[in-house]
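Biologist: Could you take a close look at one part of this model with me?

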Amino acid sequence: MKIVIAQSNPEVTESMIRIKEIILSHQPEWEVITYPFKGDLEEFKHVVSDADGIITAYVKLDREIIDAAKKLKAVSYTSTGYNTVDLEYATKKKIAVMAIQEYCTDEVADHTLALLLGLSRGLKTYIRSIDEDKAWNVGVVGQLHRLRGQKMWDFWLWPDWTGGCPKSSGFWNRSLCLRQISW
């Protein structure tokens with residue numbers, strides 16, 4: 001059994017090494033290759049030509065790559081989606097495609113809200129002013145508005161509906177959520 005761990009990185013990452021260690025701890029006889037994909041399709045096709053499985057996050061697996069991987073039985077994504085695979089073609093070729101159910105959901109939501117708050121307070125403009133002009137100029141941003149009384153719309157499509165809506169009120173849900181938040 002040959003498994004290729006292919007990531008869009010210029011070098012082998014610690015996560016790739018850890019995935020390899022986990023696989024080999026359960027299946028020491030398997031061949032597990034860590035492949036940092038740098039964009040060379042011909043090289044990648046050669047690497048996966050005899051692979052039984054591919055583990056990836058963002059490497060595109062189109063018809064050309066799927067056809068090159070003659071023994072491919074499964075593709076596993078280390079991300080929550082699998083939009084970089086030709087799913088219809090993989091299904092036709094009887095190749096199982098799977099993705100993890102959850103990965104950094106709260107982290108992405110936290111980061112999004114941090115960016116929204118930073119944007120609302122003009123932080124990027126202040127940082128640029130400090131870095132480039134070497135000055136703290138409170139007026140560089142122009143007029144800022146307090147969040148109190150402001151309205152924000154959030155739109156979520158989420159996998160496990162429990163009622164309510166995501167992050168900005170301490171949640172994570174399923175289904176479609178469109179709501180207006182008053183600050």
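Biologist: Leaving aside its neighbours within four places in sequence, which residues is Leu144 in contact with?

Modeller: Happy to help! This is a predicted model, where local features need pLDDT of at least 70, side-chain atom pairs count only at pLDDT 80 or more, and totals for chains, interfaces and linings use all residues. Numbering starts from 1 along each chain as its sequence is written, and side-chain values use heavy atoms, without hydrogens or water.

With those sequence neighbours set aside, Leu144 is in contact (heavy atoms within 4.5 Å) with Ser120, Arg121, Gly122 and Tyr126. Take Ser120: 24 residues separate Ser120 from Leu144 in sequence, but their C-alpha atoms are 7.4 Å apart in space. Across the protein, 40% of the contacts between residues at least 6 apart in sequence join residues at least 24 apart.

You will find Leu144 in the loop between α6 and β6 (151–159). Leu144 counts as partly exposed because its relative accessibility is 28%; buried means under 20%, exposed over 50%, and partly exposed in between (1.4 Å probe, protein chains only). Helix α6 itself covers residues 123–133 and includes Ile130. Ile130, at 35% relative accessibility, therefore counts as partly exposed too.

For the wider setting, the protein has 6 helices and 7 strands, which are DSSP runs numbered from the N terminus (helices H or I, at least four residues; strands E, at least two). Starting at the N terminus, their order is β-α-β-α-β-α-β-α-β-α-α-β-β. Of the 183 residues in the protein, 31% are buried.
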